[in-house]
Amino acid sequence: FFVVKKKMVQIVMRVKDGIEEWCLVELQGALETRDEVACDGMHIGDLHFDAKGTPNLIIGHHLLTGKLVALEKPFAVLNKHKITPNDDTSINGTNQAGTEYEVVALLTQKIVFKNRPKPIITSRSLPRKST
């Protein structure tokens, strides 16, 4: 016999004016570097959209072509704030300690890159013909 005690949980969320909309980038495979260093905070490549709205990602000398897809369920990016009893930033109007979440951005779409990268070849990278 189990007794379930229900406790009311209040989650306080703060929504900024003009919430940003972010986009998730999904790559198939793995990104590897020559030196095997972590890619955290590093510039990986350049994302461009052509005239038709097709996303193109350039990483080094490789071109990846993707497509924009709507997420089945949107995501919210939240900042967690601890509230102290005497904190004036509390929006719930009470003078109690707790936690608030601030909605920073919403994700409703993702860019999927599922094809193999194509090499970018320029005239400078081609060997010269000797005559």
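**Exercise 1.** Determine how strand S4 and S7 pair, and place S7 in its sheet.

*Solution.* Step 1: S4 (residues 62-65) runs antiparallel to S7, with 2 bridges between them; strands are DSSP runs (E, at least two residues), numbered from the N terminus, and two of them pair if DSSP finds at least two bridges. The model is predicted: local features need pLDDT of at least 70, side-chain atom pairs count only at pLDDT 80 or more, and totals for chains, interfaces and linings use all residues. Residues are numbered from 1 along each chain as its sequence is written, and side-chain values use heavy atoms, without hydrogens and water.

Step 2: Opposite Leu-63 stands Lys-118 of S7.

Step 3: The open sheet has 4 strands in the order S2-S3-S4-S7, paired antiparallel. S2 (46-49) and S7 (118-119) are at the edges with a single partner strand each, so one side of each has no neighbour in the sheet.

**Exercise 2.** Find the salt bridge and the parts of the chain that the pair links.

*Solution.* Step 1: Apply the rule, a side-chain nitrogen of Lys or Arg within 4 Å of a carboxyl oxygen of Asp or Glu; the count is 1 salt bridge.

Step 2: The partners are Lys-110 and Glu-26, at 3.0 Å from N to O. Lys-110 lies in strand S6 (residues 98-113) and Glu-26 in strand S1 (residues 12-27), so the pair links distant parts of the chain, 84 residues apart.

Step 3: Glu-26 has a relative accessible area of 26%, which makes this residue partly exposed (between buried, under 20%, and exposed, over 50%; 1.4 Å probe, protein chains only).
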